[in-house]
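Visitor: I should be grateful for a close look at the central sheet and the nonpolar core of this structure. Please explain them in a connected way, as one would for a first-year student.

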Amino acid sequence: MKSKNIVWQDGHITRETRQDFFGHSAATLWMTGLSGAGKSTLAFATESRLLSMGIACFVLDGDNVRHGLNRDLGFSPEDRSENIRRVAEVARLMNEAGLIVVTSFISPYREDRELARTIIGADRFLEVHMATPLEVCEQRDVKGLYQRARSGEVKEFTGINSPYEPPLDPALTVNTQQYDINCSVDMLIEMLKSNIVISNQQG
């Protein structure tokens, strides 16, 4: 914080009031995994399912955020960390508004994901490991990035010339090689129910 003249302003609406208004708790589903693991596909499918259930939610997608909020950031370790910090702050604000947030970010470093957990709040942070194997992600190569990374055109590409640190204790692990999209969404919905974010009646 660069100025000492900034004071936090408390609103008049409590977390409980927003929860009663929306009919569910707020939370952030933090999807982490390699490029091509299925994060974005599953995030948007989960958003559609939740909205069809009358649950207020929104997806924060890695590529989309880099078109605007984080367009000034590259892919160095320092820029990746700042990318995650900013996204976590946005997710926290959206949680404060009462929404369920589904994020889709490689977020390769455990330290950065722990920072996100701290910013958002451990009680609202549900880490989802998209554990699709590297060879499967590389076979998909939807954006052609693995091929370019292998040829040296793309530097600091996670899984090839930059490390990925998988979660040690995720709330849920999903391998999209094993589970189709509908089954994967079902798993996420059940996770939300087991963490009392949404009720069994909403399923």
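Guide: The following account begins with the sheet and then turns to the helices, the cores and one buried residue. Please bear in mind that this is a predicted model.

The sheet is open and consists of five strands in the order E2-E3-E1-E4-E5, with parallel pairing. Its edge strands are E2 and E5, each of which pairs on one side only. On average, neighbouring strands of this sheet are turned by 20 degrees against each other, direction ignored. Strands E1 and E3 pair in the parallel sense over five bridges. Trp 30 has Thr 103, in E3, as its bridge partner.

Two helices may be described against these strands. Helix H2 lies across E1, E2, E3, E4 and E5, and runs at about 170 degrees to E2. Helix H4, residues 77–96, lies across E1, E2 and E3, and its direction is at about 155 degrees to E1.

We may now turn to the nonpolar residues. In soluble globular proteins, nonpolar side chains tend to be buried together. The largest nonpolar core here has 32 residues, and those with the most contacts inside it are Met 31, Ile 100, Val 128 and Leu 188. Strands E1, E2, E3, E4 and E5, together with helices H2, H7 and H8, each supply at least two residues of this core. The largest share, six residues, comes from H8. Apart from this core lies another, of 16 residues, which includes Trp 30, Ile 84, Ala 88 and Phe 125.

Ile 100 gives a view of the surroundings within the largest core. Leaving aside neighbours within four places in sequence, Ile 100 is in contact with several residues, among them Leu 29, Leu 50, Phe 58 and Val 197.

Finally, consider Gly 33, which is found in strand E1. Is Gly 33 buried or exposed? Its relative accessible area is 0%, and because a residue under 20% counts as buried, Gly 33 is buried. Not counting residues up to four places away in sequence, Gly 33 touches Lys 39, Phe 105, Ile 106, Met 130 and Tyr 164. Gly 33 and Val 174 are 141 residues apart along the chain, yet their C-alpha atoms are separated by 9.8 Å. Val 142, by contrast, is placed in the loop between helices H6 and H7. Val 142 is exposed, with a relative accessible area of 75%.

Notes
Residues are numbered from 1 along each chain as its sequence is written. This is a predicted model: local features need pLDDT of at least 70, side-chain atom pairs count only at pLDDT 80 or more; totals for chains, interfaces and linings use all residues. Side-chain values use heavy atoms; hydrogens and water are left out. A nonpolar core is a set of buried Ala, Val, Leu, Ile, Met, Phe, Trp, Tyr and Cys residues joined through side-chain atoms within 4.5 Å. Buried means under 20% relative accessible area, exposed over 50%, partly exposed in between (1.4 Å probe, protein chains only). Helices (H or I, at least four residues) and strands (E, at least two) are DSSP runs, numbered from the N terminus. Contact means heavy atoms within 4.5 Å. Two strands pair if DSSP finds at least two bridges between them. Axes are lines fitted to C-alpha atoms, for helices over the stretch in contact, and angles run from 0 to 180 degrees between N-to-C directions.
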